[in-house]
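Here is a set of questions and answers for a reader who is new to looking at protein models. Please keep the sequence and the structure in view while reading.

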Amino acid sequence: MRTVPSAAKRGSLWKAIVKYRVLIIMTIPGLLYFLINNYLPMFGVIIAFKDLSYTKGILGSEWVGFKNFEFLFKTENAFIITRNTVLYNAVFIVINVVMAVTVAILLNAIRRKLVSRFYQSIILLPYLLSAVIIGYLVFSFLSVEFGFVNKLILEPLGIDAISWYSEPKYWPYILVIVNAWKSIGYFSIVYLAAIVGIDSEYYEAAVLDGASKWQQVRSITVPLIMPVIMTLTLLQVGRIFNADFGLFFQVPMNSGALMSTTDVIDTYVYRALLQMGDIGMASAAGLYQSVLGFLLVFGVNAIVRKVNNEHALF
Amino acid sequence: MIHLLFLVYIAATVFPLLLVFMVSITEEKSLLIHGYSILPHQIDFSAYRFLFQDSHTILRAYGVTILVTAAGTISSLLMTALFAYPLSRRDFPFRTGMTFYVFFTMLFNGGLVPWYLVYTKYLSIDNTLLALIIPNLLMSGFNILIMRTFFMNTIPPSIIESASIDGAGELRIFWQIILRLSLPVLSTIGLFSTLAYWNDWYNSLIFISDAQNFSIQYLLNKTLLDIQVLLSQAGNSGQSQLLANAPTETIRMAMAIIGIGPIILAYPFFQKYIVQGLTVGAVKG
C-alpha cells in the first residue's frame with residue numbers, strides 16, 4: 001500500500017522534470033556557479049578544524065579540533081580586529097543614516113529639479129570610484145613629504161609635519177571621514193527616492209493646517225520613510241562583522257604601523273592567508289566572522305519580526 | 001541657505017579629485033618644493049608624456065580590464081537572466097527550492113580561505129583571466145532576485161501562455177519575448193556589472209601575481225605602493241635612461257587620472273541608469 005503513493009509521486013516528479021526540462025537546463029549554469037563559488041566554500045569551513053597540508057588535501061588533512069581557534073583567541077589580535085570591525089561599522093551606520101536622511105530631505109526641498117539633479121550626480125560620484133582610487137585621493141592629502149595637509153595647511157601654520165601613515169591615533173577619524181565622503185551620496189539618493197514617493201496630499205493638508213517646514217519633516221517625511229530607513233539599517237547591522245575590505249586595506253595602504261586602529265577581521269584574514277601563509281589562523285578567523293554574521297542576521301530579523309512584521313527582511 | 005550647504009558638500013566631493021588632477025599636471029621640481037598644491041606653480045604635462053611613451057604597461061593593463069569587463073558583463077547578464085527567468089515562472093515547480101538556494105548564499109559564506117582554495121587548488125584558475133571574471137563577480141544572488149522580481153512584475157503570464165499555445169518553445173519565449181521586454185532591468189544590472197568589473201582589484205590581489213594579467217586598477221594599486229612597478233617593466237625596452245629622471249611623483253597622480261578618466265567621461269551618459277538601479281535595489285524584493 002505504501003509504495004503506491006510514493007511511486008505516483010516519483011512519477012509526477014519525473015513528469016515535472018520532463019515538462020520543464022528546458023527551464024531546468026536554463027538554471028544549470030547558475031546552480032553550478034553557486035555550488036562552486038558559494039556552497040563548496042561553505043563545506044570548506046571544516047579547514048578551520050584541520051591542520052591543512054596541501055599534499056594530503058582538505059579531506060585527508062588531520063583534524064585538530066579547536067586548536068586553530070585557541071591560537072587565534074590567545075593573541076590579542078582577535079579582540080582588536082573584532083573591536084575595530086564592530087565599532088567602525090557602528091559609527092558608519094549611525095553617520096550614514098543621520099547625514100544621508102538630512103541630505104535627502106534637503107535635496108527634496110530644492111524646487112528647481114535641474115539644480116537638484118546636478119547636486120545628486122556630483123554627490124553620487126565617489127560611490128563609483130574604486131577603493132584603489134580613493135586610496136590615491138587620500139594619499140594626495142596625507143603624503144608625508146608633499147601631501148596637501150602637511151605642506152599647505154600645517155606648514156604655513158608652523159606646525160610640524162605629521163607622518164600620517166605611521167601614527168595610528170589619527171586613523172579612526174580619517175577612516176570615518178573617508179567612509180562618509182564615499183557613502184553618504186549613495187544613501188541619500190536611495191532615501192530621496194523614498195521621499196519622492198510620498199503622496200503630496202499629506203504635505204498639502206499639513207500646509208493648510210499651518211505646519212512649518214520643520215514640522216512637516218518631523219511628522220510626515222521621517223515617519224513615512226521609516227520602513228526604508230529600517231530596512232537599510234538592518235541590512236547594515238546584519239553585516240556589522242563584515243568590514244569594507246577596500247576601505248581598510250587600500251586607504252591605510254596596508255601599513256603595519258597602523259594595524260592597532262585599522263586592522264579589521266577581513267584584512268586580518270587576508271594577511272594571515274596570503275602574506276603570512278597561516279591557513280589555520282586565517283580560516284579560524286574567517287569562520288568566526290561567518291558564524292557571528294549569520295547568527296546576527298537571524299537574530300536581528302527575529303527581533304524585527306516580533307516588533308513589526310512588515311519590516312522583517314525574510 | 002540650502003544651496004550654500006550643497007556648494008560646500010560639492011566642493012568637498014570634487015576637491016580631492018581636482019587635487020589629484022592638478023598634481024598630475026604640475027612640474028615635478030616645483031612640486032618637490034611646494035608640495036601637492038591645488039594651484040600648480042608651473043604647469044607641465046611631462047607625466048602624461050612619459051606614460052604615453054612607456055605606454056606598454058598601461059595599455060596592456062587597459063586591455064586586460066576592457067576584455068575582462070566586456071566578457072564578464074555579457075556572461076554575467078546572460079547567466080543571471082537564464083537563472084532568474086525560471087525562478088520568475090509561477091508554474092515552475094522547483095522555484096521555491098531554487099530561490100532559497102540563491103537566497104541562502106546572501107546569508108552565509110564560507111569566508112576567504114576555502115573560497116581561495118576552491119579556485120586555486122581545485123579549479124587552478126589563478127593567474128589566468130578567468131580569475132578576474134568568475135570568482136564572486138560573475139553572478140550575485142541579489143541581482144538574480146532583482147531580475148526575477150522584475151520579470152514577475154512586468155511580464156504578464158498570459159503573454160507566455162499564448163506564445164506557448166502558438167507553438168513557441170521555452171528558449172524562443174525567453175529569447176524573443178522575455179529579454180526584449182526587460183531592457184530596463186538588463187541595462188541597469190549590466191551597468192552595475194560593468195562598473196564592478198571595471199573597478200575590481202580584489203580578484204587581482206588574491207589570484208594574480210603575473211604582471212601580464214594585471215588589470216588597470218591593480219596596476220594603480222601597485223604603483224601607489226611602489227612606483228618602481230612601472231619603471232621595472234619598461235627597463236627591458238632600453239628606456240632606463242629616460243626612467244632615471246622620470247617625474248615619479250606626478251606620474252603617480254597621472255596614473256590615478258588615467259584610472260578615473262573613463263568613468264568620469266562616461267558618467268553623464270549612464271548617471272540616469274545608476275539612479276534607477278539604486279532605487280530598484282531599495283525596494284524590498
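Q: In this predicted model, how many residues of domain 1 of chain A are in contact with domain 2 of chain A?
A: The domain assignment of chain A places domain 1 at residues 3-65 and domain 2 at residues 68-311. On the other side of the contact between them, domain 2 of chain A takes part with 6 residues. For domain 1 of chain A, the number in contact is 8 residues.

Q: Which three residues supply 56% of the area that domain 1 of chain A buries against domain 2 of chain A?
A: The area buried between the two domains of chain A is about 550 Å², and carbon and sulfur atoms give 71% of that area. On the side of domain 1, no other three residues supply more than the trio in question. These residues are Val45(A), Ala48(A) and Phe49(A).

Q: How many residue pairs in polar contact are there between domain 1 of chain A and domain 2 of chain A?
A: Salt bridges between these two domains of chain A number 0. The side of domain 1 that touches domain 2 has 7 nonpolar residues, no polar ones and 1 charged residue. With both residues of a pair required to have pLDDT 80 or more, the count of polar contacts is 2 residue pairs.

Q: What is the radius of gyration of chain A?
A: Chain A has 15 helices and 2 strands in its secondary structure. For its 314 residues the globule rule gives 20 Å, and the computed value is well over this, so chain A is more spread out than a compact globule. Along the principal axes, the C-alpha atoms of chain A fill a box of roughly 80 × 60 × 35 Å. The radius of gyration of chain A is 26 Å.

Q: What area is buried between chain A and chain B?
A: The contact between the two chains takes 90 residues from chain A and 98 residues from chain B. Carbon and sulfur atoms give 79% of the buried area, and in chain A the residues that lose the most area to chain B are Met26(A), Tyr136(A) and Phe146(A), together 10% of what that side buries. The area buried between chain A and chain B is about 8400 Å².

Q: Which helix of chain A gives the most to the side that touches chain B?
A: Across this interface there are 0 salt bridges, while 21 residue pairs are in polar contact, counting pairs with both residues at pLDDT 80 or more. The side of chain A that touches chain B divides into 70 nonpolar, 17 polar and 3 charged residues. The element that gives the most to this side, with 18 residues from its span of 21-43, is helix α2 of chain A.

Definitions and conventions:
Residues are numbered from 1 along each chain as its sequence is written. Chains are lettered from A and ligands numbered from 1 in the order in which they are written. This is a predicted model: local features need pLDDT of at least 70, side-chain atom pairs count only at pLDDT 80 or more; totals for chains, interfaces and linings use all residues. Side-chain values use heavy atoms; hydrogens and water are left out. Contact means heavy atoms within 4.5 Å. Buried area is the accessible area (1.4 Å probe) that two parts lose on being put together, summed over both. A salt bridge is a side-chain nitrogen of Lys or Arg within 4 Å of a carboxyl oxygen of Asp or Glu. A polar contact is a pair of N or O atoms within 3.5 Å; within protein, one must be able to donate a hydrogen and the other to accept it, and residues adjacent in sequence count only if both atoms are side-chain atoms. Helices (H or I, at least four residues) and strands (E, at least two) are DSSP runs, numbered from the N terminus. Ala, Val, Leu, Ile, Met, Phe, Trp, Tyr, Cys and Pro count as nonpolar, Asp, Glu, Lys and Arg as charged, and the others, Gly among them, as polar. Domain bounds come from an automatic or database domain assignment. The radius of gyration is taken over C-alpha atoms; the globule rule is 2.2 Å times the number of residues to the power 0.38.
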